[in-house]
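Subject: Structure handover

Hello,

Here is the structure I promised to pass on. Please open it first, then read my notes below.

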Amino acid sequence: MNRLSGNSINNGLFIGRAIHVATQEHSIERCNISPEEVKGEIKRFQDAIASVDAEIGNELKNSRLNPRELDIIASHRDILHDPEIYSLVSTAIEEQLHHAILAVQDSFNTIVEQFQAMSVEAFALRAADYRDVGTRLLNTLGGLSSALPDNLESDHIPIFAEMNPSMIGKLAHANIRAYLIAKGSYNSHASILARALGLIAIANVKDLLETVQDNDMLVVDGDEGKLIVNPDEETLDYYAQKVQVEEILRQRLEAMKASASQTADGKRISLYANIALPEELDAIVNLSCDGIGLFRTEFIFLARQSLPSEAEQYEIYRQIAERMAPTPVTIRTFDLGGDKLAPLGFIAAEENPYLGKRGIRFSLAHHDVFHTQLRAILRASAHGKIRIMFPMIIDVEDFSEAKHIFNHCQEELYSEGISFDSSIELGAMIEIPAAALEADALAQACDFLSIGTNDLVQYTLAVDRNNENVSRYYIQHHPAVLNLIRQTVLSAAKYKTPLSVCGEMASTPQYIPLLLGLGLRELSVNPGSYFTVKAIVQNCDNKLFQLISRFNFSCSVRDIEHFIYKDLKHYYQL
């Protein structure tokens, strides 16, 4: 028996047999064609485009995906018909005298390498889409099949080096329940589609391709990101029972959909959902939650090579506002910084982008970008209930400067006769210690506040949450962090300013009773955690609030851990 670990792409448990699915390699000869052959190679390229277009059309027609997820597949059709790509390939054929296969390979490799050189995850994700389309064209030109192995059975767990979005639909069609990949990202389009279709998956398992052999018995634990290879009888029996328990719990949580989000003693707790991509919207609508507490807008910029126009942004915001109406959608303005923008040459690279010109600092320094986004959001507010939230605010001066630009955009739209919600609310993220210390003033100036615990922990404890070398210092329940949260809660309550938590703490079971006991009445959570959070909320009671009110938070980390993992455990243990 061998236990391996990786990163969970989608939750769930599955027991099955391993099968490696190798990517077919293209043996491409680097040789030139004659000028007389150019016309024929151009025709081959055009025929390949038509064939792949028909293949994508077939997938769109027969897919079980909802319209939002179908947009991912449809985006491959846009790449396929991109005039810039057509120009690159045809130029390689006509001027460099490359045959069609070589021209397609070199052109797509150039684009993929440009994205990957940017060292930003979002661009690497975009690169995967271009690689997928390029592979489709190469398979068509080379006469290779992109289908799954003929011997694939429903209890198989396919193993891939990497995953392409187009393969996800094939797996679902073959009734595959789980898959493993040696390298992948939670935010990739392939991963989004996997979650939409309910495929259990784990990525980045060390030495996966070498360690696991065909027909090995596997236990895929998507909840924990663990993989057990050839489990012994006792372990296999344990997980078989756990699969049954998980199914019972899933049915129980699903049945909670219509139940009220309130504590056992009747305190109403508003539960919102976080969203990073429009593709997640259908899942959120199905939750029947209180709205979207955090819409991260960075993807609008990062999924492209140029600044998005007002019209493009307006369409995205409008669709989300309409779908979620009458519940509110809280849109966070761009939280962009030098780490994401320097590769485009938009601003100079910064030695420490986390402490540089990011969030509201970037927006205030680039009025054109900020102005365009605010106008788009305001126009969309005519189609649903929208709130605007500014990131990286440190004090009232930051907020007031942003509000001044917002007011100017309102005046512009009014003079142009364009409709918008004139009562739209403006809020601030509390994610910097300075903002928490200034919470009293911010609570008076803002319509609402939202605590971003991810950055609040990072900045309070001076620890990069993405740096494994200092991960032991990233303690979300550190007394310094909890006291900043308490101070913010008290300030918001003093001026009756709505306050929520939208960071990871709000989706982490052991912290939910703690947050409620501290006085939070609004949580914005990851969609996959929604029903679990709701169940924990319903477990909480007045005794919890009394317990936390008596606890001395000016104590050690060990004392707080004992409090959370011993005294509060029965509230979050479902």
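What percentage of the residues of the protein count as buried? Of 574 residues, 51% do. Bear in mind that this is a predicted model.

First, the overall build. The protein has 25 helices and 16 strands. Its C-alpha trace spans about 85 × 70 × 45 Å along the principal axes. The radius of gyration is 26 Å, which agrees with the value near 25 Å for a compact globule of 574 residues.

Next, the salt bridges. A search of the whole structure turns up 21. Three are worth a look.

- Arg17 and Glu153 pair at 2.9 Å, N to O. They link distant parts of the chain, 136 residues apart. Arg17 sits in strand E3, and Glu153 in the loop between helix H5 and strand E4. Arg17 counts as partly exposed because its relative accessibility is 21%. Glu153 is also partly exposed, at 43%.
- Glu310 and Arg375 have their closest N and O atoms 2.8 Å apart. This pair joins helix H12 to helix H15, across 65 residues. Both residues are buried. They belong to a network of salt bridges with Arg379, Glu412 and Glu416.
- Glu315 and Arg318 come to 2.7 Å, between the closest N and O atoms. Both lie in helix H12, three residues apart, so about one helical turn separates them. Glu315 is partly exposed at 32%, while Arg318 is buried at 17%.

Last, the surface. Asp232, Glu233, Glu234 and Asp237 gather there in a patch of negative charge. Glu233 is in helix H9. Its relative accessibility is 71%, so Glu233 counts as exposed.

Best wishes

Terms used: Residues numbered from 1 in each chain as written. Predicted model: local features only at pLDDT ≥ 70, side-chain atom pairs only at ≥ 80, totals over all residues. Heavy atoms only, no water. Patch = residues over 30% accessible without salt bridge, like charges linked within 9 Å, V, L, I, M, F, W, Y side chains within 5 Å. Areas by Shrake-Rupley, 256 points an atom, 1.4 Å probe, with all protein chains shown as cover. Salt bridge = Lys/Arg side-chain N within 4 Å of Asp/Glu carboxyl O. Lys, Arg positive; Asp, Glu negative; His and termini not counted. Charge placed at Lys NZ, Arg CZ, Asp CG, Glu CD. Helix = DSSP H or I, 4+ residues; strand = E, 2+ residues; numbered from the N terminus. Buried < 20%, exposed > 50% of the residue type's maximum accessible area, 1.4 Å probe, protein only. Rg over C-alpha atoms; globule rule 2.2 N^0.38 Å.
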